[in-house]
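Please look over the structure below. A short report on its side-chain packing and strand pairing follows.

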Amino acid sequence: MVKRLLKKAMDILDIYSWVNKYSSVVTGCLIDNAYHYKSYWILKLRCREGVYIVKIEPGVRMHLSQSHPEEKDIDGFTRFLRSRIRDSRITSIKQPWWERIILFETSIHDKILRHYVELLPRGQWIITDQSDKIVYASRFMKYRDRSIKPSEVYSPPPLKNLSPSDKDALLNVVKGGRDLVRTIISAWGIPGHIAEEAIHRAGLYGVKNKGVSEIPYQDLEKLVDEYRRIVEEVLNGKGYLVYGDENKLEIYTSYEPRLFSEVYDKTVKPLDDINTAIDVYFTEYEAYLDYQARMEEVTEKLREIEARIKRQEEIIAEYNNEIENIESILQTIYSNYHVAEEILECARETREKKGWEHIAEECNGVIEIRKDKGMIVVKLGEKTLELSIREDLSRQVIELERKHGELVRKTESAKKVLEEMHQQLNTISISMNTEEKTIRKPSPTFWYERFHWLFTRNGFLAIGGRDQSQNELVVRKYLGENDVFIHADIHGGSAVVLKSGGAHSLEDVVDASYLAACYSKAWKAGFSYIEVYWVPGRQVSKTPPPGEYLPRGAFMVYGSKNYLQVPLRLGIGIREYVDDIYGEYLKIVVGPQELVRSQAIAYVVIIPGDKKPQDISKEIAGYLEGIILRQRGVKYKIPLSEIESKIPGPSDIMLVSTP
C-alpha cells in the first residue's frame with residue numbers, strides 16, 4: 001500500500017473555500033454529541049438538511065465527513081465538549097484572519113463559547129468565552145510567543161500570511177526576494193503547489209528558479225494578479241482530486257490544478273463540492289496513516305524476533321562448540337586412558353614427596369601445573385587437556401559425560417525454541433503480507449443508511465423506519481404519490497417506502513417487502529412467514545377520518561390493498577461498490593436470498609431463532625470475513641455494529657454461501 005499523498009493538512013485556500021461554502025450549512029445546527037478517535041474529534045450535528053458528521057483534527061483539518069470510525073472513545077476534552085456544548089447551537093463560523101484558523105461559536109441558554117480551531121502546525125482546538133478568555137483547550141501549553149492556559153486571553157499564533165486583498169503588499173514583498181518560487185512561498189505564506197500554480201498560470205514556470213531581480217516588473221504584476229484570481233476561483237466551492245501513477249490519489253485542490261494536468265500530466269477529477277474532495281482525500285490519508293502505524297508495529301515485532309533468533313543461534317553455536325570440545329577430550333582420554341592414569345598417579349606422588357613445582361620435571365607429558373585449581377595440563381597424543389589430580393580419572397570422565405549429556409539436552413531445547421521462533425517469524429511475515437491486503441478504509445455513509453434500506457433488483461431504493469418516529473419520517477418526507485407504501489399485516493413493524501416513481505415491477509415490490517416483513521414483530525414472535533400489503537403512495541394519508549385520531553407512526557390506507565406472503569428469511573451479505581469519487585468500498589446489504597446472492601460477494605441467510613443479535617453478528621462476521629479471505633486473499637474487518645443493526649431479533653443461520 002504505497003501511496004504518495006502530498007498534503008498533510010488543509011491549506012489556506014481550502015479553508016477559505018470551505019468556510020465560504022459551509023458557514024451557511026453548519027450555522028444553525030444543533031450539536032447532538034461529541035466523540036474522540038485517535039488524533040481527531042467528531043461532532044454529530046442535527047441540521048435542517050439532516051444529520052452531519054464533522055471531523056476536527058487540530059493542525060490538519062475540519063470538514064463534514066461521509067464516514068466515521070466504528071470504535072470511538074471519550075477523552076478528557078470530549079467529556080468537556082459533552083458537558084458544555086451538547087445540545088448547543090452553532091451560531092456562526094468564519095475564518096477570522098488570513099490564516100489557517102477557523103472560528104465557530106456555539107450558544108446554549110444564552111451562553112456563548114468561541115471555538116478557535118487552528119489548522120496550522122502545532123495547532124489546537126481552543127475554547128474561550130465571549131471575552132476570549134480561555135475556558136478549555138485540546139492541550140494546555142506555554143509557547144515562546146503565547147500561553148494556552150485557563151483564564152488567559154486567547155492569542156493566535158503569529159500572523160505572517162499576506163492577505164490577497166492587498167495587491168501592493170504582495171508585489172512589494174516579492175521584489176526583495178531571491179529565486180521566484182521560494183520567495184512567494186515564504187512571503188505570501190502559501191504552500192508550494194499553490195505558488196507553482198500561480199507561476200504556471202502567469203507563464204513564468206520556466207523561470208521559477210531564477211532570481212526575482214531577473215524577472216520583468218510587469219511579469220511580477222501578472223503573477224500577483226493570477227494568484228488573486230486563484231483566490232477568487234476557490235469561492236466557487238468546487239474541489240479537484242489529482243491522481244498519479246496507477247491511478248493513485250496524490251493531492252486535492254480547491255481550484256483547477258492546471259499545473260498538475262498540463263505540466264505533470266496527472267489525471268484531474270473535478271467535483272462540485274470542496275468538502276467531498278477534502279473528505280475523500282483525508283479518508284484515504286487516514287487509512288494510509290493507520291496502515292503505516294500497523295506496519296511499523298509489525299516491523300518492530302519482526303525486528304525483535306529476528307534479534308532473538310540471532311541470539312538463540314549464537315547460544316546453540318556455543319553449546320555445539322562445548323559439546324565438540326568435550327567429545328574431543330573424552331575421545332583423547334579413552335584413546336590414552338592408561339597413559340593418563342599413569343600421569344595422574346605420578347603427579348600425585350610427586351606432589352606429596354617433592355611438591356607441586358616438581359611435577360612437570362618428574363612426570364612425562366605434564367606441560368603445565370595450575371596449583372590454585374589443583375589441575376595439571378597434559379599432552380596426550382596431539383591433544384592438550386586439563387586434568388585434576390584431586391580426583392580419579394574415572395570420576396572426571398563421568399563428570400565430562402554428565403556435562404556432555406546436559407549440553408546435548410540444552411541444545412535440543414534451544415533448537416525447539418529456535419523452531420518456535422522461526423514459526424513466529426513466519427507468522428509475523430504472513431501478518432505483514434496480510435496487513436498489506438487488509439481493507440480498513442471506512443466506507444462513505446449515505447442519508448438512507450439511518451433507515452432499513454436495500455436496492456431492488458432493478459436499482460430502486462427502498463427505505464423503512466426503525467421505529468415509530470422514523471416510520472413517520474419516511475412516509476411524510478419520502479413517500480411520493482407514485483411510490484409504493486409497504487407494511488406487514490401486523491401491528492408493529494417497519495413502514496417501507498419503495499422510491500420508484502411508478503416505474504417498479506412486482507419483483508421490486510417483492511424485494512422491498514422483505515424489509516417490511518423481517519423488521520416487524522413477526523420475527524421476534526418466531527413466525528415462519530407473514531402477509532405484507534402494498535399500495536401506491538397516493539392511497540396513504542396522515543389525515544384520520546372525522547372524529548378519529550392517528551397516533552404517531554400510524555397512517556390511513558384508503559382503497560384496496562395488494563397482498564404478498566413473505567417468508568421470514570433474510571439474506572445478509574457484503575457487497576463491493578466502485579465509486580468514481582470514493583473508490584472501492586464494501587457495505588453490508590440485506591434482502592431476499594436471491595437479491596443478496598446477486599449483489600454480494602459473500603452472504604448468509606438467517607431465520608427467527610434463539611441466538612441474540614450480538615452473538616449471531618460475531619458468527620456472521622466470521623463467516624463473511626473467512627469467505628472473502630479465501631475468495632480474494634484479502635482480509636476485511638467487518639464492523640460488528642453494522643451487522644448487528646441488520647439483525648431483526650433472535651436468529652439462527654440457515655445458509656452460508658460458499659466461495
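Which residue has its charged end over the ring of Tyr40? Arg61 does, and its charged end sits 4.7 Å from the ring centre. This is a predicted model.

## Charges over rings

Arg61 and Tyr40 are one example of a charge placed over a ring. Lys7 and Tyr252 are another. Here Lys7 lies over the face of Tyr252, and the distance to the ring centre is 3.6 Å.

## Aromatic pairs

Aromatic pairs number 30 in this structure. One of them joins Trp41 and Phe77 in an edge-to-face arrangement. Their centres are 5.0 Å apart, and the planes meet at 70°. This pair links distant parts of the chain, with the two positions 36 residues apart in numbering. Trp41 belongs to strand β2 (residues 40–47), and Phe77 belongs to helix α2 (residues 76–84). Both Trp41 and Phe77 are buried.

Phe446 and Tyr448 make a stacked pair, because their planes lie at 20° and the cut-off for stacking is under 30 degrees. The ring centres of Phe446 and Tyr448 are 5.9 Å apart. Burial splits this pair. Phe446 has a relative accessible area of 21%, so it is partly exposed. Tyr448 comes in at 12%, so it counts as buried. The cut-off for buried is under 20%.

Trp41 and Phe77 also belong to an aromatic cluster. Its other members are Phe80, Phe104, Trp125, Tyr136 and Phe140.

## Nonpolar cores

The largest nonpolar core has 67 residues. Trp18, Leu43, Met62, Trp125 and Phe485 touch the most other members. Helix α8 (residues 274–335) is the top contributor to this core, giving eight residues. Apart from this core lies another, of 45 residues. Among its members are Leu564, Val590, Leu595 and Tyr636.

Which residues does Leu43 contact, leaving aside neighbours within four places in sequence? Leu43 meets Ile31, Asn33, Ala34, Tyr52, Ile53, Val54, Ile56, Ile85, Phe104 and Trp125. Phe104 and Trp125 are also in the aromatic cluster. Trp125 shares with Leu43 a place among the core residues that touch the most other members.

## Strand β20

Strand β20 covers residues 484–488. Five of its five residues are buried, so the strand is largely enclosed by the rest of the structure. Val484, Ile486 and Ala488 point one way. Phe485 and His487 point the other way. Phe485 also appears among the core residues that touch the most other members.

β20 pairs with two strands named here. With strand β21 (residues 496–499), β20 pairs in the antiparallel sense over three bridges. Val484 has Leu498 as its bridge partner in β21. With strand β22 (residues 529–536), β20 also runs antiparallel, and five bridges join them. His487 of β20 stands opposite Tyr533 in β22.

## Ser617

Is Ser617 buried or exposed? Ser617 is buried, because its relative accessible area is 0%. This serine is found in helix α16 (residues 613–632).

The Ser617 side chain reaches the backbone nitrogen of Glu644 at 3.4 Å. Not counting residues up to four places away in sequence, Ser617 touches Leu640, Ile643, Glu644 and Ile647. Glu644 therefore takes part twice, as a residue touched by Ser617 and as the one whose backbone nitrogen its side chain reaches.

Conventions: Residues are numbered from 1 along each chain as its sequence is written. This is a predicted model: local features need pLDDT of at least 70, side-chain atom pairs count only at pLDDT 80 or more; totals for chains, interfaces and linings use all residues. Side-chain values use heavy atoms; hydrogens and water are left out. Rings of Phe, Tyr and Trp (its six-membered ring) pair if their centres lie within 6.5 Å; planes under 30 degrees apart count as stacked, over 60 as edge-to-face and the rest as tilted. Helices (H or I, at least four residues) and strands (E, at least two) are DSSP runs, numbered from the N terminus. Buried means under 20% relative accessible area, exposed over 50%, partly exposed in between (1.4 Å probe, protein chains only). A charge sits over a ring if NZ of Lys or CZ of Arg is within 6 Å of the ring centre and within 35 degrees of the ring normal. A polar contact is a pair of N or O atoms within 3.5 Å; within protein, one must be able to donate a hydrogen and the other to accept it, and residues adjacent in sequence count only if both atoms are side-chain atoms. Contact means heavy atoms within 4.5 Å. A nonpolar core is a set of buried Ala, Val, Leu, Ile, Met, Phe, Trp, Tyr and Cys residues joined through side-chain atoms within 4.5 Å. Two strands pair if DSSP finds at least two bridges between them.
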